[in-house]
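Colleague: I would like to go through the terms used for this model and see what each one rests on. Where should we begin?

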Amino acid sequence: MRTHLNPLTLVRNIGILAHVDAGKTTVTERILFLTGATHKRGEVHEGTTVTDFDSQERDRGITIFAAAVSCVWNGHQVNLIDTPGHVDFADEVERSLRVLDGAVAVFDAVAGVEPQSESVWRQADRHGVPRLAFVNKLDRAGADLDTAVASIRERLHPAPLVVQLPIGHEDGFTGVVDLLTLRALTWDADGQAEGPVPEASAAEARRRRRALEEAVAELHPGAFEEFCASGTLHAATLARALRELTLSGEGLVVLCGSAYKNRGIEPLLDAVAAYLPSPLDVPPVPGRRAADPAEPFAGLVFKVDSAPTGRLTSLRVYAGTIRRGDTVLNTATGRTERIGRILRVQADRHAEADTAVAGDIVAVAGLKSARAGATLCSPGAPLTLEPPTVAEPVVSVAVEARRGTDTDRLATALARLVEEDPSLSVRTDPETGQTLLSGMGELHLEVAVEKIHRAHGLEAAVGRPRVAYRETVVRGVAGLVYRHVKQDGGAGQFAHVVIDVEAQDEGFTFTSAVTGGRVPQEFVRAVEAGCRDALAEGPIAGHPVTGVKVTLTDGATHVKDSSETGSS
């Protein structure tokens with residue numbers, strides 16, 4: 001009997017993550033060239049890359065906006081999002097990771113793990129996105145694979161599984177030894193060539209292959225059994241174990257190369273196909289339907305592009321099928337809207353499509369009210385998918401039109417900016433009446449103001465940046481007792497609570513560990529509300545407090561005088 005392969009097993013929805021200048025956009029450009037999606041290699045320094053198509057990106061030489069592209073490699077459909085590496089644009093990374101199944105983390109072979117490398121890694125951890133690591137720029141002076149891998153292990157805490165050995169050092173880097181096949185892959189002006197391992201690298205390659213087998217056997221039960229029985233691991237077993245360890249997050253496959261010199265990209269693409277998940281490999285989250293074109297439609301909006309020529313809404317299709325002309329329900333607004341066009345996205349270029357199915361990342365035209373984070377679904381089968389989180393703005397500037405006649409146009413332009421980028425916000429200062437534009441950093445706001453100028457032809461006067469400071473706890477305290485007693489005739493107020501306070505990365509978390517009903521549930525909610533009120537103004541300078549976890553561990557109530565008011 002012939003079995004039919006589910007087409008979704010050949011789909012890879014991946015992101016490229018890195019610190020700024022680690023080379024991720026160059027990696028993306030080489031992927032597009034090698035897969036035939038482009039016919040010329042784009043260069044960041046020449047402003048000719050496909051994904052950095054915005055004029056500001058080309059002027060500044062950095063990625064500012066996440067850009068989606070698609071290509072085909074060995075029968076696999078690779079939908080790829082090139083994400084920004086600058087901290088000011090971390091929200092673009094957050095929204096992209098929410099709709100991706102896997103990622104390639106790019107590291108500089110000289111610098112190793114850099115600050116934004118850690119930030120995007122933590123973001124990927126929160127979303128449970130399986131990753132590969134690509135140590136780039138091995139041709140640079142000071143480049144060293146082992147040192148870069150050591151920094152990955154020490155600062156990001158995965159279990160690195162290095163599957164390649166570099167051939168040559170620094171500007172003499174010419175290729176790699178594939179430790180699974182023990183074959184040499186080298187590159188020159190004519191492209192990739194495969195051959196036997198050079199004699200000078202043979203002993204080191206055998207040593208590293210053995211170390212890889214031992215590392216995999218320690219992590220994977222099936223590989224451990226084979227290793228104990230035969231003293232070695234077959235290449236097929238090793239490949240299967242590497243895939244399973246990648247999907248579970250227990251291991252990190254590490255590859256290396258030099259994207260700028262066109263070395264190491266083909267094996268990276270092979271690893272994407274071999275080790276990263278398809279939409280079928282990703283376990284459903286609460287509210288998500290199975291990745292099946294026959295299911296009712298469900299998709300998540302992760303990006304909106306507003307322009308005078310029209311509005312494009314980028315979404316990931318998680319289940320079902322959509323067609324041109326279909327009516328979909330926006331669960332955020334409760335309204336239905338009609339799909340005007342479906343577009344396959346290649347950065348700033350688009351190709352019309354009649355349908356999109358589960359696993360696809362596409363743009364649609366015709367939606368008027370969908371915002372980033374909105375769930376679109378079949379009207380007859382509503383559900384809501386978890387939206388990406390949006391960070392609070394940290395820097396604000398006052399903006400006003402230089403000409404009074406442009407005030408209304410500026411308001412429209414600012415509204416469009418916020419629609420496209422949820423990490424921006426606009427509000428009116430109640431004291432001064434000024435319009436305040438808030439974002440994730442000075443560069444973020446500078447780019448936003450420049451976009452107003454370039455896209456709308458408006459000149460805006462911009463004030464000095466003001467930082468939205470936050471306070472946090474340096475170290476926690478256990479068994480903090482607070483007792484509230486007030487008696488002024490009639491029923492009084494009484495509350496006695498014991499809490500533990502801990503530091504955490506961000507936000508506020510409240511939990512109750514009280515047992516035996518010593519604090520009734522309605523009073524637990526009041527205690528949480530009181531904590532939130534107290535954190536609105538910190539003790540140092542009155543700024544909001546963040547990065548705090550509070551655990552209610554004990555308490556006491558009075559039969560007459562305790563109330564929700566007293567407990568809060």
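Modeller: With pairing: two strands pair if DSSP finds at least two bridges between them. Keep in mind that the model is predicted.

Colleague: What makes strand 4 and strand 5 a pair?

Modeller: Strand 4 (residues 102-108) and strand 5 (residues 131-136) are joined by 6 bridges, and at least two are needed, so they pair. The two run parallel. Within them, Ala105 stands opposite Ala133.

Colleague: Which sheet order do these strands belong to?

Modeller: The order is 2-3-1-4-5-11-6, in an open sheet of 7 strands with mixed pairing.

Colleague: Why are strand 2 and strand 6 said to stand at the edges?

Modeller: Strand 2 (67-73) and strand 6 (160-162) each have a single partner strand, so one side of each lacks a neighbour in the sheet. Ignoring direction, neighbouring strands of this sheet are turned by 30° against each other on average.

Colleague: How do you know that strand 7 and strand 8 pair?

Modeller: Strand 7 and strand 8 (residues 175-178) share 4 bridges and run antiparallel. The requirement is at least two bridges, so this is a pair. Leu165 has Val177 of strand 8 as its bridge partner.

Colleague: What makes both faces of strand 7 count as covered?

Modeller: Gln164 and Pro166 on one side are buried, as are Leu165 and Ile167 on the other. Buried here means under 20% relative accessible area.

Colleague: Why is helix 9 called largely enclosed?

Modeller: Of the 11 residues of helix 9 (residues 265-275), 9 are buried, so the rest of the structure largely encloses this helix. Glu266 and Tyr275 are among the buried ones.

Colleague: Why is helix 3 called roughly parallel to helix 4?

Modeller: Helix 3 (residues 90-97) and helix 4 (residues 115-127) pack at about 30°, with axes 10 Å apart. Angles under 35 degrees count as roughly parallel, so the term applies. The crossing of helix 3 past helix 4 is right-handed. By class, their contact has 5 nonpolar, 3 polar and 2 charged residues.

Colleague: What makes helix 6 oblique to helix 8?

Modeller: The axes of helix 6 (residues 199-219) and helix 8 (residues 235-248) cross at roughly 50° and come within 10 Å. That angle is not under 35 degrees, nor over 145, nor in 65 to 115, so it is oblique. Helix 6 passes helix 8 in a left-handed crossing.

Colleague: Which residues of helix 6 and helix 8 meet?

Modeller: On helix 6 they include Leu212 and Val216, and on helix 8 Leu238 and Leu242. The contact divides into 8 nonpolar, no polar and 2 charged residues.

Note on methods. Residues are numbered from 1 along each chain as its sequence is written. This is a predicted model: local features need pLDDT of at least 70, side-chain atom pairs count only at pLDDT 80 or more; totals for chains, interfaces and linings use all residues. Side-chain values use heavy atoms; hydrogens and water are left out. Axes are lines fitted to C-alpha atoms, for helices over the stretch in contact, and angles run from 0 to 180 degrees between N-to-C directions. Buried means under 20% relative accessible area, exposed over 50%, partly exposed in between (1.4 Å probe, protein chains only). A crossing is left-handed if the near helix is turned anticlockwise from the far one by less than a right angle, and right-handed if clockwise. Contact means heavy atoms within 4.5 Å. Ala, Val, Leu, Ile, Met, Phe, Trp, Tyr, Cys and Pro count as nonpolar, Asp, Glu, Lys and Arg as charged, and the others, Gly among them, as polar.
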